[in-house]
Amino acid sequence: MPGTVQSIERAAAILQVVAGSGGTLGVTDIAAAVGLPKTTAHSLLRTLLAVGFVEQDREGRYALGTGLLRLGASHLDVNELRSRASNWADALASRSGHAVRLAALVEDRVVVVHHVFRPDDSVQVLDVGTTLPAESTALGRVLAAFAPHRSTRGVQDVARAELPAVRAQGWAVECGGFESATGGVAAPVRGSTGLVVAAMGIAGPVDEVCDRRGAARPKLVGMVTEAAHAVSRELGWRG
């Protein structure tokens with residue numbers, strides 16, 4: 001049996017590190033993480049940049065590129081995503097007492113692909129197929145933060161200053177942004193390659209989701225992030 005190709009192994013290792021970082025690492029950090037000389041890592045990153053598998057921001061940090069995002073998303077059908085997330089979404093709605101939505105980037109839009117009603121007897125409207133503004137919803141902010149180089153029109157509207165915090169903490173919050181009486185918390189869902197393929201979150205009365213300071217209630221953050229991680233594991237992510 002022929003041996004493996006070292007340069008491909010190294011490039012794959014770099015992509016795994018970049019995927020796990022959420023786009024927060026420069027070449028020095030990447031080289032250290034994969035155990036390569038900086039010049040070697042830089043050469044591999046230049047090649048990955050040229051083919052669109054990574055992208056670089058103005059500060060020199062690397063994120064996964066749109067080319068790799070398309071490859072990762074092409075095999076993940078929305079119906080599969082919904083079926084893998086369904087049980088966890090139901091459980092999250094039951095535990096939190098709030099509606100649960102799963103959103104994905106469909107072409108250049110943030111679209112709700114699954115919706116679980118809040119567990120009460122109130123009249124509710126199904127949101128599946130609804131397009132959400134990226135800049136004022138927790139679901140949209142998560143997808144914006146982890147989208148390679150802000151690659152969609154809606155994502156470009158999100159203030160750049162907000163996105164590093166979302167990537168660092170691994171979740172986003174809205175406190176009456178899109179709808180004045182509604183708050184939300186969302187976290188990223190990753191596919192088997194580590195790419196963020198969707199966002200899962202809860203939505204409910206703003207005073208139940210957020211405290212008086214406009215911060216998300218920690219208990220809900222824990223529930224949402226745990227559910228999103230569980231769906232990611234269902235999709236094959238082992239991070």
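## A guided tour, beginning at His114

Select His114 to begin, and you will find this residue in strand β4. The structure on screen is a predicted model, and every stop on this tour should be read with that in mind. With a relative accessible area of 12%, His114 lies under the 20% limit and therefore counts as buried. Keep His114 selected and add Ala85, which stands 29 residues away along the chain, while the C-alpha atoms of the two are separated by 8.5 Å. Which residues touch His114, once its neighbours within four places in sequence are left aside? They are Arg82, Ser86, Ala89, Val100, Arg101, Leu102 and Val128.

### The whole chain

Now clear the selection and show the complete chain, in which 10 helices and 8 strands can be traced. Of its 239 residues, 48% count as buried. If you switch on a surface display, the accessible surface to have in mind is about 12,000 Å², and carbon and sulfur atoms account for 52% of that surface. Among contacts in the chain with a separation of 6 or more, 53% are between residues 24 or more positions apart.

### Strand β3 and Ala104

Move next to Ala104, which is found in strand β3. Is Ala104 buried or exposed? Its relative accessible area is 5%, so Ala104 is buried. Adding Leu143 to the selection brings in a residue 39 positions away along the chain, with its C-alpha atom 7.4 Å from that of Ala104. Leu143 is also one of the residues that Ala104 touches, not counting those up to four places away in sequence, and the others are Leu81, Arg109, Val110, Val111, Val113, Val197 and Ala198.

### The largest nonpolar core

The next selection is Val189 together with Met200, the two residues that touch the most other members of the largest nonpolar core, a group of 29 residues. To see where this core draws its members from, colour α5 (78–96), β3 (99–106), β4 (109–116), β7 (182–190), β8 (196–205) and α10 (218–234), each of which supplies at least two of its residues. Helix α10 gives the largest share, with 7 residues.

### Helices α1 and α3

Turn now to residues 6–21, which form helix α1, and residues 38–50, which form helix α3; these two helices pack at an angle of about 80°, and their axes are 10 Å apart. Since angles of 65 to 115 degrees count as roughly perpendicular, α1 and α3 are therefore roughly perpendicular to each other. To display the contact, show the side chains of Ser7, Arg10, Ala11, Ile14 and Leu15 on α1, and those of Thr40, Ala41, Leu44, Leu45 and Leu48 on α3. Sorted by kind, the residues of this contact comprise 7 nonpolar, 2 polar and 1 charged.

### Helices α2 and α3

Keep α3 in view and add helix α2, residues 27–34, which packs against α3 at an angle of about 110°, with the axes of the two helices 9 Å apart. That angle makes α2, too, roughly perpendicular to α3. Which residues of α2 meet α3? Val27, Thr28, Ile30 and Ala31 do so, and on the side of α3 they meet Lys38, Ala41, His42 and Leu45. This contact divides into 5 nonpolar residues, 2 polar and 1 charged.

### Ala41, a residue of both contacts

Zoom in on Ala41, which has its place in helix α3 and takes part in the contact with α1 as well as in the contact with α2. Its relative accessible area is 0%, and Ala41 is buried. Val27 is 14 residues away from Ala41 in sequence, and from C-alpha to C-alpha the two are 6.9 Å apart. Apart from neighbours within four places in sequence, Ala41 is in contact with Ile14, Val27 and Ala31.

### A last stop at Asp211

Finally, select Asp211, which lies in the loop between α9 (206–209) and α10. Here the relative accessibility is 21%, and because buried means under 20% and exposed over 50%, Asp211 counts as partly exposed. Add Cys175 to close the tour: Asp211 and Cys175 are 36 residues apart in sequence, and the distance between their C-alpha atoms is 9.0 Å.

Note on methods: Residues are numbered from 1 along each chain as its sequence is written. This is a predicted model: local features need pLDDT of at least 70, side-chain atom pairs count only at pLDDT 80 or more; totals for chains, interfaces and linings use all residues. Side-chain values use heavy atoms; hydrogens and water are left out. A nonpolar core is a set of buried Ala, Val, Leu, Ile, Met, Phe, Trp, Tyr and Cys residues joined through side-chain atoms within 4.5 Å. Buried means under 20% relative accessible area, exposed over 50%, partly exposed in between (1.4 Å probe, protein chains only). Helices (H or I, at least four residues) and strands (E, at least two) are DSSP runs, numbered from the N terminus. Contact means heavy atoms within 4.5 Å. Accessible areas come from the Shrake-Rupley method with a 1.4 Å probe; for residues, only the protein chains shown count as cover. Axes are lines fitted to C-alpha atoms, for helices over the stretch in contact, and angles run from 0 to 180 degrees between N-to-C directions. Angles under 35 degrees count as roughly parallel, over 145 as roughly antiparallel, 65 to 115 as roughly perpendicular and the rest as oblique. Ala, Val, Leu, Ile, Met, Phe, Trp, Tyr, Cys and Pro count as nonpolar, Asp, Glu, Lys and Arg as charged, and the others, Gly among them, as polar.
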